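Work through the exercises below with the sequence and the 3D structure open beside you. Try each task yourself before you read its solution.

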Amino acid sequence: MRNLLRYLELMLVLLLWPASGFIAQADSDDWQIWKVDGVEYVEMTDVCKFYRYVPKEGRPGFKNYGSKAHTISVKAGKQDFYVNNYRYILSFPIREHNGELLISAVDMKKLVDPVLRPVHNKQKGIITTVVIDAGHGGHDAGAVSPWAREKDCNLSVARRLKVRLEKAGLKVVMTRDKDFFLTLGQRVAIANQTPNCLFVSIHHNSGRRAAKGIETFTLAPHGTTSPFARTRRREALAGNNQDSANIALATAVHSRAIRNTGAIDRGIQRARFSVLCTITRPAILFEGGFVSNPEEGRLISTPAYQDKLADSLAQGILSYIATIQSKPLKTRNTRSGGGSIHGGSNKYRGTTRLR
Ligand SMILES: [Zn+2]
């Protein structure tokens with residue numbers, strides 16, 4: 001009987017549910033939750049209240065909010081989200097309702113908060129080792145153009161990164177240190193068998209001749225979609241256990257790469273690439289530029305540029321490790337986040353966890 005009642009109740013809810021529309025959910029802990037097409041959203045006003053952000057000047061055409069340390073920029077209908085002018089691609093577009101901007105709860109929890117307050121994502125144990133994965137190899141050349149061959153550029157940047165990380169006292173495991181082929185599964189297995197490590201896969205892109213710039217991929221959170229992960233997945237993948245670590249690591253690396261090279265910022269993006277799905281370590285896939293672009297292709301194959309990429313990766317990895325292994329400062333102001341994983345101070349405040 002109870003089951004039948006629940007079934008009827010569910011049917012009634014489904015019948016009343018508009019195909020598309022804004023449905024107010026019960027607010028929880030001062031957060032007004034809206035449901036749109038099955039996705040939960042929160043109001044930017046509440047986001048700002050939580051971080052004690054105020055409207056400020058910033059990116060033209062966007063609404064900008066922030067504190068001294070951070071500026072976040074959003075725009076209705078856009079999946080672009082900027083923190084201190086570094087670009088992220090949200091899992092769901094920003095919505096507008098009654099003049100209020102809404103951001104999806106999953107983006108808030110899986111992107112905004114771990115980026116603004118990475119110290120909350122302290123992981124058990126410490127990182128002692130970096131597994132560097134030079135993409136492709138052997139018969140698999142990756143992207144090829146008259147200016148560069150991806151597998152060679154990947155390996156060259158990987159070797160330069162190894163030197164830098166070892167100098168800083170970290171252990172390094174290379175999935176390949178020569179020109180040979182490894183399956184994606186073998187690369188993941190090496191990382192999963194290496195204790196206390198994080199995983200960085202190094203690639204270079206190809207595309208339209210005009211396409212250029214740097215992008216960094218992390219695993220798409222479950223229940224989300226992206227241009228590189230078209231279907232929403234209800235079940236979490238093994239890699240999703242590291243969602244917060246992944247986005248924080250990506251932020252640390254990507255922002256330095258953009259700053260050091262001056263390359264076009266194609267953003268931190270979500271994907272379900274094989275090497276990211278079943279990995280049980282913090283993991284990113286870094287694309288250092290387009291071999292298919294005449295200008296960037298030439299640049300990528302020069303030792304000077306490869307050094308810049310290796311410097312950026314090393315600085316980002318070291319900053320990430322320093323940040324997650326630092327202790328959150330307990331202050332009266334439990335909600336504000338100071339500092340920035342983008343390269344500013346590493347002092348993070350706040351002890352409030354998001355739901
Ligand atoms: Zn590749």
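The exercises that follow go from the whole chain to single helices, pairs of helices and single residues.

The model is a predicted one, in which local features need pLDDT of at least 70 and side-chain atom pairs count only at pLDDT 80 or more, while totals for chains, interfaces and linings use all residues. Residues are numbered from 1 along each chain as its sequence is written.

**Exercise 1. The whole chain**

Task: State how many helices and strands the chain has, and what percentage of its residues is buried.

Solution: Begin with the secondary structure, where helices (H or I, at least four residues) and strands (E, at least two) are DSSP runs numbered from the N terminus. Counted in this way, the chain has nine helices and 16 strands. Next comes burial: a residue is buried if 20 or more other C-beta atoms lie within 10 Å of its own, exposed if 12 or fewer, and partly exposed in between, with C-beta atoms placed from the backbone. Of the 355 residues in the chain, 46% are buried. Finally, take contacts, for which the C-beta atoms of two residues, placed from the backbone, must lie within 7 Å. Among contacts between residues at least 6 apart in sequence, 68% join residues at least 24 apart.

**Exercise 2. Two helices and their burial**

Task: Find which residues of helix α5 are buried, and how many residues of helix α3 are buried.

Solution: In α5, which covers residues 184-193, the buried residues are Arg187, Val188 and Ala191. Seen down the helix axis, these buried residues fall within an arc of 95 degrees, so they line one face of α5; the arc is that of the directions from the helix axis to the C-beta atoms. On the other side of α5, Gly185, Gln186 and Gln193 are exposed. The buried residues of α5 pack against β11 (129-134), β13 (197-205) and α7 (274-277). Helix α3, residues 105-116, is mostly covered, since eleven of its twelve residues are buried. Among them are Met108, Leu111, Val112 and Leu116, along with the charged side chains of Asp107, Lys110 and Asp113.

**Exercise 3. Helices that cross**

Task: Determine at what angle α4 and α9 cross, and at what angle α3 and α6 pack.

Solution: Axes are lines fitted to C-alpha atoms, for helices over the stretch in contact, and angles run from 0 to 180 degrees between N-to-C directions. The axes of α4 (residues 150-167) and α9 (residues 303-324) come within 8 Å and cross at roughly 50 degrees. That makes α4 oblique to α9, because angles under 35 degrees count as roughly parallel, over 145 as roughly antiparallel, 65 to 115 as roughly perpendicular and the rest as oblique. The crossing of α4 with α9 is right-handed, a term used if the near helix is turned clockwise from the far one by less than a right angle, whereas anticlockwise would be left-handed. The residues of this contact divide into nine nonpolar, two polar and four charged; here Ala, Val, Leu, Ile, Met, Phe, Trp, Tyr, Cys and Pro count as nonpolar, Asp, Glu, Lys and Arg as charged, and the others, Gly among them, as polar.

For the second pair, α3 and α6 (residues 243-261) pack at an angle of about 55 degrees with their axes 9 Å apart, which makes α3 oblique to α6. In this contact, Lys110, Leu111, Pro114 and Val115 of α3 meet Asp243, Ser244, Ile247, Ala248 and Thr251 of α6.

**Exercise 4. Serine 145**

Task: Decide whether serine 145 is buried or exposed, and which residues it touches.

Solution: First locate serine 145, which lies in the loop between β11 and α4. Serine 145 is buried, because 20 other C-beta atoms lie within 10 Å. Leaving out residues up to four places away in sequence, serine 145 touches Ser206, Val291, Ser292 and Gly297. Serine 145 and serine 292 are 147 residues apart in sequence, yet 5.6 Å apart in space, C-alpha to C-alpha.

**Exercise 5. Positive phi**

Task: Say where arginine 52 and asparagine 84 lie.

Solution: Most residues other than glycine have a negative phi. Arginine 52, in the loop between α2 (44-51) and β4 (54-55), has a positive phi of about 60 degrees although it is not a glycine. Asparagine 84, in the loop between β7 (80-83) and β8 (86-89), has a positive phi of about 50 degrees.
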